[in-house]
Amino acid sequence: MGRYKKRSAVGLCLAAMALTVIWGAQSLLWAAQPEEDQDLVTIAGMPGNGYRDGMGNEARFAGPTGLDVKDRAVVIADTENNLIRSLSGQRVITTAGSRKEENAYGNGLGAFMDSNHSRAMLDGPVDCVYMDNGNIAIADRNNHAIRIVGKSWVFTLNGTGVEGYEEGKPGQAKFSYPSGIAKGLSGKIYVADTGNHCIRVIDRNGVTSLVAGVPGQAGLKDGEVSEALFMEPTALVMAEDGSVYVADSGNQRIRRIKDGQVTTVAGGAWALYLDTQYRQPGFADGDGAAARFWFPEGICMAGDVVIVADTGNHVVRAISSLGRVRTIAGNGEAGFLDGSSEEGMLNRPCDVAWEDGKLYIMDTGNCALRTIEFDPDQWLKELGEQ
């Protein structure tokens with residue numbers, strides 16, 4: 001497999017095959033105005049690429065991919081606009097990035113430049129996370145760098161703008177299309193270094209080091225972190241106990257890093273997908289290895305429950321501490337429909353974030369931010385685990 005520019009060959013598989021292989025071509029269903037009793041609700045954006053700040057559904061995004069939430073404020077990686085956007089209350093504003101020049105599609109051109117918020121330039125920002133000091137960390141994928149939105153300035157924490165693999169101090173380390181970041185302890189930032197098939201960490205001084213995986217070697221292997229293998233990991237999150245959960249997208253699995261070991265939490269496909277190195281995707285709820293995913297690209301924690309944006313299946317899944325996987329939003333068909341969590345429709349959701357009983361869904365294919373109410377304790381009770 002060659003390298004990629006937009007979520008790798010995974011994105012190509014999703015766009016060209018995901019709908020036709022399982023369900024056949026599906027027409028998008030357009031959402032009515034949300035009602036108070038609906039579980040899946042659109043709070044910002046609408047289908048169709050564009051750029052506009054504004055209230056709720058008046059705002060427009062272009063291929064938004066990652067998000068995070070803190071104190072009900074949502075930060076969004078507006079990937080194809082090469083911007084960082086924010087939703088506070090009901091208004092979407094542009095937080096960082098420049099749109100002084102546009103490409104043929106009307107999106108802001110990508111580039112690599114540190115500067116103040118309105119002049120800094122990004123290229124394919126694909127994930128973002130609030131840090132404890134109020135800064136926002138960004139996986140600037142096409143720049144192969146981790147960037148920081150500070151109080152008044154956007155700067156590069158590490159990465160040189162050139163693809164590769166190196167550890168080291170700021171300005172020395174190299175990444176390959178990093179697609180996911182997560183806040184760790186003591187100011188650390190964990191990185192899903194997708195093109196290098198490994199997990200890295202950046203300390204508060206900007207020094208980058210390897211956490212798990214063999215750089216440049218794709219595969220599927222549990223065990224010691226120095227020997228474990230991943231296949232294009234795209235997202236990760238740290239749990240309260242210090243475990244790091246990874247959406248190992250190309251392997252169609254959710255993996256866990258804890259106490260120097262990598263284990264598989266859910267997903268069990270072993271056959272290869274067509275003539276690729278990817279594992280065979282599928283769609284099945286189940287326990288542990290019985291569950292099936294289709295290139296999952298987003299992950300978060302809701303209490304003790306792991307939430308997964310199962311991108312190719314157009315659904316959101318929840319995983320209990322015992323590895324039980326259940327679908328909690330979407331019906332498996334690509335569409336845009338507010339409604340109950342079982343009947344509402346999503347289109348390639350790429351990320352999730354949870355806070356105070358509300359789950360935020362970055363519905364990438366619909367260029368929209370959606371929400372559902374989710375009580376992890378109640379959900380575990382329904383499974384009989386509490």
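Here are a few questions and answers about the cysteines and the largest pocket of this predicted model.

Q: How many disulfides does the count come to?
A: A disulfide needs two cysteine sulfur atoms within 2.5 Å. Cys300 takes part in none, as its nearest cysteine sulfur, in Cys128, is 13 Å away. By this rule, the count comes to zero disulfides.

Q: Why is the sulfur of Cys367 not in a bond with its closest cysteine sulfur?
A: The closest cysteine sulfur to that of Cys367 belongs to Cys350. A disulfide calls for sulfur atoms within 2.5 Å. The two sulfurs are too far apart for a bond because the distance is 11 Å.

Q: Is Cys367 buried or exposed?
A: Buried residues are those under 20% relative accessible area. Cys367 has a value of 2%, so Cys367 is buried.

Q: Is Cys300 buried or exposed?
A: The cut-off is again under 20% relative accessible area. Cys300 comes in at 6%, so the label for Cys300 is buried.

Q: Which strand gives the most to the lining of the largest pocket?
A: This pocket has a volume of about 1000 Å³, and its lining has 42 residues. Strands that each supply at least two of them include β3 (66–70), β12 (180–183) and β26 (349–355). With six residues, the top contributor is β26.

Q: What are the numbers of nonpolar, polar and charged residues in the lining of the largest pocket?
A: Among the lining residues nearest the pocket centre are Lys183, Val237 and Trp354. Lys counts as charged, while Val and Trp count as nonpolar. Across the lining, the split is 23 nonpolar, five polar and 14 charged.

Methods: Residues are numbered from 1 along each chain as its sequence is written. This is a predicted model: local features need pLDDT of at least 70, side-chain atom pairs count only at pLDDT 80 or more; totals for chains, interfaces and linings use all residues. Side-chain values use heavy atoms; hydrogens and water are left out. Buried means under 20% relative accessible area, exposed over 50%, partly exposed in between (1.4 Å probe, protein chains only). On a 1 Å grid over the protein atoms alone, a cavity is a set of points where a 1.4 Å probe fits but cannot get out, and a pocket is an open set with protein on both sides within 12 Å along at least five of seven lines; lining residues have an atom within 4 Å of a point. Grid points are joined across faces, edges and corners, and a volume is the space filled by probe spheres set on the points. Helices (H or I, at least four residues) and strands (E, at least two) are DSSP runs, numbered from the N terminus.
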